[in-house]
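Open the model in your viewer and keep the sequence panel beside it. At each stop, select what is named, then look around it.

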Amino acid sequence: MIRQARPDDTDAILEVWLLASLQAHDFVPAAFWWQQQEQMRARYLPSAEIWVCERAGEIQGFVALVDDYLAALFVRPDCQQNGIGKALLAVAKRQRRRLSLRVFSENDIAVHFYRQHGFAITDEGIDPATGQPELCMGYQGQL
């Protein structure tokens with residue numbers, strides 16, 4: 001079931017974010033992700049519109065939107081390849097006519113996923129927090 005996040009989901013959302021970040025971004029030192037947890041809790045999550053995928057009472061993934069920016073889309077590593085990311089992205093697309101995002105260039109799986117779902121590369125840059133190359137991608141929905 002996909003539903004809007006509640007305040008009591010925060011710990012589970014952070015766990016999904018950390019586990020998925022460690023797996024998908026192994027080119028960034030793990031300590032970086034551990035150090036970002038409190039900033040995620042205090043700054044990023046409260047400013048976002050968050051939708052979660054809950055199955056059997058467990059948060060398995062989430063998508064976070066800030067205006068037209070897809071700030072996060074993460075699925076627990078042990079729950080991936082089950083359509084959760086696709087379902088969460090579909091919710092984001094229903095909420096917004098256009099979306100933009102940034103993704104690490106080395107995260108081939110995510111880049112492919114977004115391309116497969118209608119996103120195109122609009123720019124390239126360097127993530128200031130990690131120094132890693134990143135792609136800016138955009139999606140424009142149908143009228």
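**Stop 1: helix H1**

Select residues 10–24. This is helix H1, with 15 residues. From its first C-alpha to its last it reaches 21 Å, close to the 21 Å expected at 1.5 Å a residue. Keep in mind that you are looking at a predicted model.

Which residues of H1 are buried? Colour Ile13, Leu14, Val16, Trp17, Leu18, Ala20 and Ser21: these are the ones. Now show what covers them. The cover includes helix H2 (30–44) and strand S2 (49–55). It also includes strand S3 (58–66) and strand S4 (69–75).

Stay in H1 and pick Leu19. Leu19 counts as partly exposed, because its relative accessibility is 32%, and partly exposed covers the range between 20% and 50%. Leaving out residues up to four places away in sequence, Leu19 touches Arg76 and Pro77. Try a distance too. From the C-alpha of Leu19 to that of His117 is 23 Å, and the two residues are 98 apart along the chain.

**Stop 2: helix H2**

Move to residues 30–44, helix H2. Where is the kink in H2 centred? Click Gln36: the kink there is about 35°.

Gln36 is also one of the buried residues of H2, along with Phe32, Trp33 and Met40. Turn on the neighbours. The cover over these buried residues includes H1 and strand S5 (98–104).

**Stop 3: an aromatic cluster**

Select Trp17, Phe27, Phe32, Trp33 and Phe104 together. They form one aromatic cluster. You have already met Trp17 as a buried residue of H1, and Phe32 and Trp33 as buried residues of H2.

Zoom in on Phe104, which lies in strand S5. Is Phe104 buried or exposed? It counts as buried, because its relative accessibility is 9% and the cut-off is under 20%.

Now show what Phe104 is in contact with, skipping neighbours within four places in sequence. The list includes the cluster members Phe27 and Trp33. His25, Val111, Asp127 and Thr130 are also among its contacts. So are Gln132, Pro133 and Glu134. Draw a line between the C-alpha atoms of Phe104 and Gln132. They are separated by 6.8 Å, with their positions 28 residues apart along the chain.

**Stop 4: a tilted pair**

How many aromatic pairs does the structure hold? There are 8. Select one of them, Phe119 and Tyr139: the ring centres are 5.4 Å apart and the planes meet at 35°, so this pair is tilted. It links distant parts of the chain, 20 residues apart. Phe119 sits in the loop between helix H4 (108–116) and strand S6 (120–126). Tyr139 is in strand S7 (residues 133–140). Both Phe119 and Tyr139 are buried.

**Stop 5: a buried arginine**

Go to Arg3 in strand S1 (residues 2–4). Arg3 counts as buried, because its relative accessibility is 10%.

What do the side chains of Arg3 and Asp9 share? A polar contact of 2.7 Å joins them. Another polar contact, of 2.8 Å, joins the side chains of Arg3 and Glu54. Beyond residues up to four places away in sequence, Arg3 also touches Ile50, Trp51, Val52 and Ile59, among others.

**Stop 6: a cysteine without a partner**

Select Cys79. It is buried, with a relative accessible area of 6%. Next, find the closest cysteine sulfur, which belongs to Cys53. Why is there no bond between these two? Their sulfurs are 8.2 Å apart, which is too far. A disulfide needs sulfur atoms within 2.5 Å, and the count for the structure comes to 0 disulfides.

**Stop 7: two loops with positive phi**

Most residues other than glycine have a negative phi. Here are two exceptions.

Pick Ala56, in the loop between S2 and S3. Its phi is near 55°, a positive value. Ala56 counts as exposed, because its relative accessibility is 87% and exposed means over 50%.

Then pick Asp67, in the loop between S3 and S4. Asp67 has a positive phi of about 55°. It is exposed as well, with a relative accessible area of 62%.

Key: Residues are numbered from 1 along each chain as its sequence is written. This is a predicted model: local features need pLDDT of at least 70, side-chain atom pairs count only at pLDDT 80 or more; totals for chains, interfaces and linings use all residues. Side-chain values use heavy atoms; hydrogens and water are left out. Helices (H or I, at least four residues) and strands (E, at least two) are DSSP runs, numbered from the N terminus. Buried means under 20% relative accessible area, exposed over 50%, partly exposed in between (1.4 Å probe, protein chains only). A polar contact is a pair of N or O atoms within 3.5 Å; within protein, one must be able to donate a hydrogen and the other to accept it, and residues adjacent in sequence count only if both atoms are side-chain atoms. Contact means heavy atoms within 4.5 Å. The expected span of a helix is 1.5 Å times one less than its number of residues. Rings of Phe, Tyr and Trp (its six-membered ring) pair if their centres lie within 6.5 Å; planes under 30 degrees apart count as stacked, over 60 as edge-to-face and the rest as tilted. The bend at a residue is the angle between axes fitted to the seven residues ending there and the seven starting there.
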